[in-house]
Amino acid sequence: MIRNTVAAFLALTIAAVSVLAQESAAGMWRVEFVTPQGQVGVNMTINQAGNRRTGQVTDEYGEFPIDGRLADQQVTIVWSVPEDGKLLEITMKGKLEGNVITGTVRLGNIGEGPLTARRVGDAGDAGVRY
């Protein structure tokens, strides 16, 4: 009986540590990526609730809402910006490793380029790990 109780306790403890050890993408990020027009830098705030990511991208043209997800350390963030009277969808995909995301960014049908993001701050309560 005690052995079963100890085994169950250890299994629950390991499961809880696994959930808590998941990387959090929440926070403030400086995102740099390459486009056909050259290097671009934006500031991004990511809030998280479970696997869902929300927040905004801010650049010299304004603030744009983001939608995203994190699964197995793979981050996907999507936002849209006005471009020639239409909305251009930007999709960021990368691997989260601590305070760095590396990957690619796709600019609608225009093309794709390398991306690096570095965490520069905390998003407050939204940064709580689940």
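Which residue of E3 does Asn 47 stand opposite? In this predicted model, the residue that faces Asn 47 is Thr 54 in E3. Their setting is the pairing of strand E2, which covers residues 38-49, with E3, and these two strands run in the antiparallel sense over seven bridges.

The pair E2 and E3 belongs to a wider arrangement, in which eight strands close into a barrel in the order E1-E2-E3-E4-E5-E6-E7-E8, with antiparallel pairing. On average, and with direction ignored, neighbouring strands of this sheet are turned by 30° against each other. In general, the strands of a sheet pair through backbone hydrogen bonds, and they may do so in a parallel or an antiparallel way.

Charged side chains add further contacts, for the structure holds four salt bridges, and the table lists some of them, including the pair of Asp 67 and Arg 52.

| Salt bridge | Closest N and O atoms |
|---|---|
| Asp 67 and Arg 52 | 3.3 Å apart |
| Lys 95 and Glu 97 | 3.8 Å apart |
| Glu 112 and Arg 106 | 3.3 Å apart |

The salt bridge of Asp 67 with Arg 52 ties together parts that are 15 residues apart in sequence, because Asp 67 lies in strand E4 (residues 62-71) and Arg 52 in strand E3 (residues 52-59). Asp 67 counts as partly exposed, since its relative accessibility is 41%.

In the salt bridge between Lys 95 and Glu 97, Lys 95 is partly exposed at 38% relative accessibility, and Glu 97 is also partly exposed, with a relative accessible area of 48%. Arg 106, the partner of Glu 112, counts as partly exposed at 39% relative accessibility.

Key: Residues numbered from 1 in each chain as written. Predicted model: local features only at pLDDT ≥ 70, side-chain atom pairs only at ≥ 80, totals over all residues. Heavy atoms only, no water. Helix = DSSP H or I, 4+ residues; strand = E, 2+ residues; numbered from the N terminus. Buried < 20%, exposed > 50% of the residue type's maximum accessible area, 1.4 Å probe, protein only. Pairing = 2+ DSSP bridges. Axes fitted to C-alpha atoms, helices over the stretch in contact; angles between N-to-C directions.
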